[in-house]
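Here is a brief report on one protein chain. Look over its sequence and its fold before reading on.

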Amino acid sequence: SAASDVYKRQALMGYESVVMTAEIGVNTFHRVSVGPYKNYDNAKDNREKLFLEGFKANLIKLTTPKDY
C-alpha cells in the first residue's frame, strides 16, 4: 500500500514511524506518523526535512505528552 511505501521510505531516511489505520464506513484510511518530539523546534525542523523530501507533513500537538 502507499502507506507502507511511505513507512519504508522514512525508515531508510532514519525516521521511526508508525502506520495508523482507521475504518470510516466502508472506507479504510492509513496515516503514517513520525514522533513524538520533545520540543516544538525539533518537530518543526523534522517537518521541514520531510517536506523537502516530498512528504505532506503536518504538526499535531499532543494534549497529553507521552513519557520519553
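The sections below go from the whole chain to its pocket and then to single residues.

## Overall layout

This is a predicted model. The chain holds two helices and two strands. Read from the N terminus, their order is α-β-β-α. Helix H1 covers residues 2-12. Strand S1 covers 17-24. Strand S2 covers 27-34, and helix H2 covers 40-52.

The C-alpha atoms fit a box of roughly 40 × 30 × 20 Å along the principal axes. Take the contacts with a sequence separation of 6 or more: 36% of them join residues 24 or more positions apart.

## Surface and charge

How much of the chain is buried? Of its 68 residues, 13% are. The accessible surface is about 5,900 Å². Carbon and sulfur atoms account for 52% of that area.

Charged side chains number 10 positive and 8 negative. The centres of these two sets are 3 Å apart.

## The largest pocket

The largest pocket has a volume of about 1,100 Å³. Its lining is made up of 32 residues. Closest to the pocket centre are Ser33, Val34, Asn58, Leu59 and Ile60. Which elements give two or more residues to this lining? They are H1, S1, S2 and H2.

## Helix H1: Arg9 and Gln10

Arg9 and Gln10 both sit in helix H1. Their exposure is not alike. Gln10 has a relative accessible area of 5%, under the 20% cut-off, so Gln10 counts as buried. Arg9 has 38%, which lies between the 20% and 50% cut-offs, so Arg9 is partly exposed.

What does Gln10 touch beyond its neighbours within four places in sequence? Its contacts are Tyr15, Ser17, Val32, Val34, Leu50 and Phe55. Among them, Val32 and Val34 fall within the range of strand S2 (27-34). Leu50 falls within that of helix H2 (40-52). On the same basis, Arg9 is in contact with Glu53 and Phe55. Phe55 is thus a contact of Gln10 and also of Arg9.

## Glu16, between H1 and S1

Glu16 lies in the loop between H1 and S1. Is Glu16 buried or exposed? Its relative accessible area is 70%, over the 50% cut-off, so Glu16 is exposed.

Glu16 still has contacts farther along the chain. Leaving out residues up to four places away in sequence, Glu16 touches Ser33, Val34 and Gly35. Glu16 and Ser33 are 17 residues apart in sequence. Their C-alpha atoms are 8.6 Å apart in space. Val34 is a contact of Glu16 and of Gln10. Ser33 and Val34 are also among the residues closest to the centre of the largest pocket.

## The Gly35-Pro36 bond

What kind of peptide bond joins Gly35 and Pro36? The bond is cis, with omega at about 5 degrees. Most peptide bonds are trans. Pro36 is in the loop between strand S2 and helix H2. Gly35, the other partner in the cis bond, is one of the residues touched by Glu16.

## Helix H2: Ala43

Ala43 lies in helix H2. Its relative accessibility is 14%, under the 20% cut-off, so Ala43 counts as buried. Beyond its neighbours within four places in sequence, Ala43 is in contact with Tyr37 and Leu59. Leu59 is also among the residues closest to the centre of the largest pocket.

How far apart are the C-alpha atoms of Ala43 and Gln10? The separation is 15 Å. Along the chain, the two residues are 33 residues apart. Both are buried, Gln10 at 5% and Ala43 at 14%.

How values were computed
Residues numbered from 1 in each chain as written. Predicted model: local features only at pLDDT ≥ 70, side-chain atom pairs only at ≥ 80, totals over all residues. Heavy atoms only, no water. Helix = DSSP H or I, 4+ residues; strand = E, 2+ residues; numbered from the N terminus. Buried < 20%, exposed > 50% of the residue type's maximum accessible area, 1.4 Å probe, protein only. Contact = heavy atoms within 4.5 Å. Areas by Shrake-Rupley, 256 points an atom, 1.4 Å probe, with all protein chains shown as cover. Lys, Arg positive; Asp, Glu negative; His and termini not counted. Charge placed at Lys NZ, Arg CZ, Asp CG, Glu CD. 1 Å grid on protein atoms, 1.4 Å probe; cavity = no way out; pocket = protein on both sides within 12 Å on 5 of 7 lines; lining within 4 Å. Points joined across faces, edges and corners; volume = space filled by probe spheres on them.
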